[in-house]
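Q: I have a protein in front of me and some labels I'd like to understand. Can you take me through where they come from?

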Amino acid sequence: NYTIVNIEQKNVKMAMDLVNGKWENSLFCATLRARDTNRIASVGTILQLLDTEDRSISGARTWPGNILPTLNRVVANCKAVGVVDILSIEERGECEEEDDY
């Protein structure tokens, strides 16, 4: 089993959609991306979401006392169920659909 902690808003939304049964068997693909070139690995892992825990942080303050915005954070427990070859990545341009992750 694998534990994934994520604060990126689109990934938090995807985890919540998986929990709510938006896709059959709660399956998704995870892969690596090079930070310097943005290239995606040619192999990915199919993961099945087992459960999630909302660990959002709210009410934090700066030293002068200003309230910071809520940090959305999700911890996802997953199980690897397969390996895939990644042939291409579809990009939709700047207009994001409701289900873009």
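A: Let's start with a cut-off: a residue is called exposed when its relative accessible area is over 50%, and buried when that area is under 20%. Also keep in mind that this is a predicted model.

Q: What makes L87 count as exposed or buried?
A: Its relative accessibility is 82%. Exposed means over 50%, so L87 counts as exposed. You'll find L87 in the segment after β4. Its C-alpha is 9.9 Å from that of A41, although 46 residues separate L87 and A41 in sequence.

Q: And S26, why is that one called buried?
A: S26 has a relative accessible area of 14%. The limit for buried is under 20%, so S26 is buried. S26 sits in the loop between α1 and β2.

Q: What is there to say about the phi of S26?
A: Phi of S26 is positive, about 55°, even though S26 is not a glycine. As a general rule, most residues other than glycine have a negative phi. N38, in the loop between β2 and β3, is another non-glycine with a positive phi, near 70°. G21, just after α1, has a positive phi too, of about 80°.

Q: Let's zoom out. Which elements does the protein have, and in what order?
A: There are one helix and four strands. Starting at the N terminus, they run β-α-β-β-β.

Q: How do you know whether the protein is more spread out than a compact globule?
A: Set the radius of gyration against the rule: the protein has 16 Å, while the globule rule gives 13 Å for 101 residues. The value is well over the rule, so the protein is more spread out than a compact globule. The C-alpha trace spans about 50 × 30 × 25 Å along its principal axes. As for burial, 17% of the 101 residues count as buried.

Q: What makes β1 and β2 edge strands?
A: Each of them pairs on one side only. The open sheet has the order β1-β4-β3-β2, with antiparallel pairing, and β1 covers residues 2-6 while β2 covers 27-30. On average, neighbouring strands are turned by 45° against each other, direction ignored.

Q: How do you know that β1 pairs with β4?
A: Count the bridges: two strands pair if there are at least two bridges between them, and five join β1 to β4 (residues 74-85). One of the residues involved is Y2, whose bridge partner in β4 is C78.

Q: Where does the helix go?
A: Helix α1 (residues 9-19) lies across β1, β2, β3 and β4, at about 75° to β3. In α1, the buried residues are N11, V12, M14, A15, D17 and L18. Their cover includes β1, β2, β3 and β4.

Q: Why is a group of residues here called a nonpolar core?
A: The name needs buried nonpolar residues joined through side-chain atoms within 4.5 Å. The largest such core has seven residues: M14, L18, F28, L47, L49, A76 and C78. At least two of them come from each of α1, β3 and β4. In general, nonpolar side chains tend to be buried together in soluble globular proteins.

Q: Which residues does L49 touch?
A: Leaving out residues up to four places away in sequence, L49 touches A15, L18, V19, S26, F28, A76, N77 and C78. So S26, the buried loop residue, turns up again among the contacts of L49.

Notes:
Residues are numbered from 1 along each chain as its sequence is written. Side-chain values use heavy atoms; hydrogens and water are left out. Helices (H or I, at least four residues) and strands (E, at least two) are DSSP runs, numbered from the N terminus. Axes are lines fitted to C-alpha atoms, for helices over the stretch in contact, and angles run from 0 to 180 degrees between N-to-C directions. Contact means heavy atoms within 4.5 Å. The radius of gyration is taken over C-alpha atoms; the globule rule is 2.2 Å times the number of residues to the power 0.38. Buried means under 20% relative accessible area, exposed over 50%, partly exposed in between (1.4 Å probe, protein chains only).
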